[in-house]
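Reader: I am new to this structure. Please take me through the reasoning behind its labels.

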Amino acid sequence: MTYSRAGEAAERASGRTGADGGSARETAREAAWEAAWEALVATARRTVTDGLVVGTSGNVSVRVGDTVLVTPSGVPYDRLAPEDITGVDLDGRQVLGTLVPTSELPMHLAVYRATDAGAVVHTHAVHATAVSLLVPELPPVHYMTAALGGPVRVAPYATYGTDELARAMLDALTDRTGCLLRNHGTITYGTSLDQAYDRTAQLEWMCRLWLTASSVPGRSPSLLTEEQLAEVADRLREYGQRS
């Protein structure tokens, strides 16, 4: 279940009639949190299964109203249970659970404050991290560059979990939905967990593509122009099924 579906569940629950309207609203809010937490844990586990993180590296968050659910610090994803739900408000004050939130909370909150993000995914993906060591931005080797807003920038290195890193990340995310973090990894966001995750996976794939092509001796990868990317961006607005 994605963030948007969790919101729909909350709306349906809030429409229930009963002797206590406040209880109905509370029930709706708890239902939304539970659904979003289940989806968050599934997404976090997927980052491990797909090889985007190792151990407890990386982190995932999803926004439900003014509450941000986040993976807790240092807990393997396969051990997370419903009662481990961890949430903070937009100022970082813990409002759900007892486990300490991810150490990268400043990055996640910075994204939510600056954008309309519904979910954020941070990984230590191998190919993307390798690219972060080599160039100031990922060259536009594939048209899906347009899906992230343009050539993906690399944020300067800063110690993990710091406000300095969060500020550097926000600069790199200007007009983008994803960036690389030098000597660190990736961060992407979307309206839902599914979209944020798909953008992370796409970014890792493009990094792998560029590394593969640029490793051929005596050859340089062909790159797309700004005009070509702009044309793709227009076409992507019409991509997919109509609701």
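Author: This is a predicted model. Start with two helices, H3 (residues 105-114) and H5 (residues 163-172). Their axes lie 8 Å apart, at an angle of about 40°.

Reader: Why are H3 and H5 called oblique to each other?

Author: Angles under 35 degrees count as roughly parallel, and 65 to 115 as roughly perpendicular. The angle here is about 40°. It falls in neither range, so H3 and H5 are oblique. The crossing of H3 past H5 is right-handed.

Reader: How do you know that H3 and H5 meet, and which residues do so?

Author: Contact means heavy atoms within 4.5 Å. On the H3 side, Pro106, Met107, Ala110, Val111 and Ala114 take part. They meet Asp163, Leu165, Ala166, Met169 and Leu170 of H5.

Reader: What makes up this contact by class?

Author: There are 9 nonpolar residues, no polar ones and 1 charged. Asp counts as charged, and Asp163 is in the contact.

Reader: What lines the largest pocket?

Author: The lining has 13 residues. Nearest the centre lie Ala147, Gln195, Arg199, Leu236 and Tyr239. The pocket's volume is about 510 Å³.

Reader: Which helix gives the largest share of that lining?

Author: H6 does, with 4 residues. Helices H6 (193-214) and H7 (226-236) each supply at least two. By class, the lining has 7 nonpolar, 3 polar and 3 charged residues.

Technical notes. Residues numbered from 1 in each chain as written. Predicted model: local features only at pLDDT ≥ 70, side-chain atom pairs only at ≥ 80, totals over all residues. Heavy atoms only, no water. Axes fitted to C-alpha atoms, helices over the stretch in contact; angles between N-to-C directions. Parallel < 35°, antiparallel > 145°, perpendicular 65-115°, else oblique. Left-handed = near helix turned anticlockwise from the far one by under 90°. 1 Å grid on protein atoms, 1.4 Å probe; cavity = no way out; pocket = protein on both sides within 12 Å on 5 of 7 lines; lining within 4 Å. Points joined across faces, edges and corners; volume = space filled by probe spheres on them.
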